[in-house]
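This report describes selected parts of one protein structure for a reader new to the subject. Please look at the sequence and the model below before reading on.

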Amino acid sequence: MTKRAILLGNEAIARGIVEAGCMVATAYPGTPSSEILPAVAKFADELGTKTAVEWGANEKVAFEMASSASFTGVRACAVMKQVGLNVAADPFMSAAHFDMKGGFLLVVADDPGPHSSQTEQDSRYFAMFAKVPCFDPATAAEAKEMVFDAFDLSEKHNIIAMLRPSVRVDHCRQDVELKDVMDMEQVMKFEKDPARWVCLPARVRVNHPKLNAKMDAIREEFETHYGKYNYEVPAASGKAKLGIIASGVSFSVVMDILRGWGREDISVLKIGTPHPLPLKMVEDFIARHDNVLVLEETYPVVEMQINDRTRVRGRWNGYVPRAGELLPEIIESIILKSIGEEVAETADAD
């Protein structure tokens with residue numbers, strides 16, 4: 001019988017980390033990510049795994065502990081918030097060039113708004129900067145599922161994989177499926193290999209082209225093998241008046257709004273893997289729509305990967321606010337403006 005439970009988004013991510021066979025989990029606390037590591041420890045105890053769970057002295061230390069575990073061939077993850085990745089940027093940028101041995105998941109919780117942070121920076125930019133793949137969940141259940149695919153992708157391409165939940169995913173509650181721990185053989189063994197594990201300039205000249213090739217291969221996979229995260233919800237009534245490209249929690253908000261309105265003349269392209277962007281899919285969607293709107297938090301990461309933005313409305317041309325959280329009322333007004341149906345003015349009380 002399938003077991004299910006209502007979990008906090010961060011608990012769902014933690015449950016996925018344990019179920020996926022992660023052997024070493026590290027973190028430095030910071031809202032909206034703080035609940036993940038304690039939940040990993042809780043589920044590891046409940047499921048009887050041998051997962052090592054450690055707080056780091058800071059995010060850099062946490063990242064280096066997890067990456068060292070990956071060097072030995074076991075699954076590992078590091079967890080932090082968006083400004084924490086600034087602290088871990090040095091080893092992150094270097095390790096992105098390495099051929100990781102065990103699956104390595106980097107969970108970075110973003111805080112559009114911001115609600116509890118010094119900045120509302122977008123960690124998907126860091127994924128672009130370092131040239132690593134990024135998963136952008138729209139719901140808690142999807143975030144849990146992405147944990148498994150991120151580990152698999154990491155192992156297939158020997159690369160760091162980023163999961164980037166935002167605050168609304170981290171702190172929502174959703175009914176999710178509970179699974180058993182994956183039955184997999186993991187042997188922890190470190191083999192000295194300076195050419196693989198030391199970021200010398202001579203090795204970067206070799207590794208950087210290899211990293212580019214990994215990105216090309218992953219982009220093609222995102223185009224063809226990740227239909228559960230990247231898919232179109234077509235307009236049901238003929239030609240769409242508007243095509244919306246939505247990533248992360250913005251997709252969930254858009255779909256709730258359209259269902260509430262009962263509209264069937266707007267099509268939506270969901271993007272769950274914003275980097276590397278499945279560009280063929282996106283450009284095909286744009287080619288079939290005269291009016292296209294891009295909704296994502298917080299920076300124009302999807303937008304800036306589109307070659308021709310002539311018919312695209314978004315942050316690049318100021319159509320979408322360039323700061324702040326895309327709350328439902330904001331998205332509603334943007335959609336109505338895009339289809340020429342201005343938001344009705346509220347009547348004065350007197």
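## Strand β10 and its neighbours

Strand β10, which covers residues 242-247, is mostly covered, with six of its six residues buried. The model described here is predicted.

In a regular strand, side chains alternate between the two faces of the sheet. In β10, L242, I244 and A246 point one way, while G243, I245 and S247 point the other way. The residues of both sets are buried.

Which strands pair with β10? One partner is β11 (residues 266-271), which runs parallel to β10 and is joined to it by six bridges. Within this pairing, S247 stands opposite I271 of β11. The other partner named here is β12 (residues 292-295), which pairs with β10 in the parallel sense over four bridges. There, I244 of β10 has L293 of β12 as its bridge partner.

Helix α11 (residues 249-261) also belongs to this region: together with β10 and β11, the helix makes a β-α-β unit, and the unit is right-handed.

## The six-stranded sheet

Six strands form an open sheet, in the order β3-β2-β4-β5-β7-β6, with parallel pairing. Its edge strands are β3 (52-55) and β6 (134-135), each of which pairs on one side only.

Three of the pairings in this sheet are set out below, each with a pair of residues that stand opposite each other.

| Strand pair | Bridges and direction | Opposite residues |
|---|---|---|
| β2 (residues 24-27) and β3 | four bridges, parallel | V24 and A52 |
| β4 (residues 76-81) and β5 | six bridges, parallel | V79 and V107 |
| β5 and β7 (residues 160-163) | four bridges, parallel | L106 and M162 |

Why is strand β5 (residues 104-109) described as largely enclosed by the rest of the structure? Six of the six residues of β5 are buried, so the strand is largely enclosed. F104, L106 and V108 point one way from β5, and L105, V107 and A109 point the other way. Both sets of β5 residues are buried. L106 belongs to the first of these sets and stands opposite M162 in β7. V107 belongs to the second set and stands opposite V79 of β4.

## A buried glutamate in a loop

E325 is found in the loop between β13 (312-313) and α14 (328-338). Is this residue buried or exposed? The relative accessible area of E325 is 10%. Buried means under 20%, so E325 counts as buried.

The side chain of E325 takes part in two polar contacts described here. One joins E325 to the side chain of H115 at 2.9 Å. The other joins E325 to the side chain of R168 at 2.5 Å.

## The largest pocket

Rolling a probe the size of a water molecule over the atoms shows where empty space is left. In this model, the largest pocket holds about 210 Å³ of space.

Which residues line the pocket? Its lining has 13 residues, and those nearest the centre of the pocket are M23, T49, K50, V181 and Q186. Sorted by class, the lining has six nonpolar, five polar and two charged residues.

Key:
Residues numbered from 1 in each chain as written. Predicted model: local features only at pLDDT ≥ 70, side-chain atom pairs only at ≥ 80, totals over all residues. Heavy atoms only, no water. Buried < 20%, exposed > 50% of the residue type's maximum accessible area, 1.4 Å probe, protein only. Helix = DSSP H or I, 4+ residues; strand = E, 2+ residues; numbered from the N terminus. Pairing = 2+ DSSP bridges. Right-handed = clockwise from strand over helix to strand, strands pointing away. 1 Å grid on protein atoms, 1.4 Å probe; cavity = no way out; pocket = protein on both sides within 12 Å on 5 of 7 lines; lining within 4 Å. Points joined across faces, edges and corners; volume = space filled by probe spheres on them. Nonpolar A, V, L, I, M, F, W, Y, C, P; charged D, E, K, R; others polar. Polar contact = N/O pair within 3.5 Å; in protein donor to acceptor, adjacent residues only side chain to side chain.
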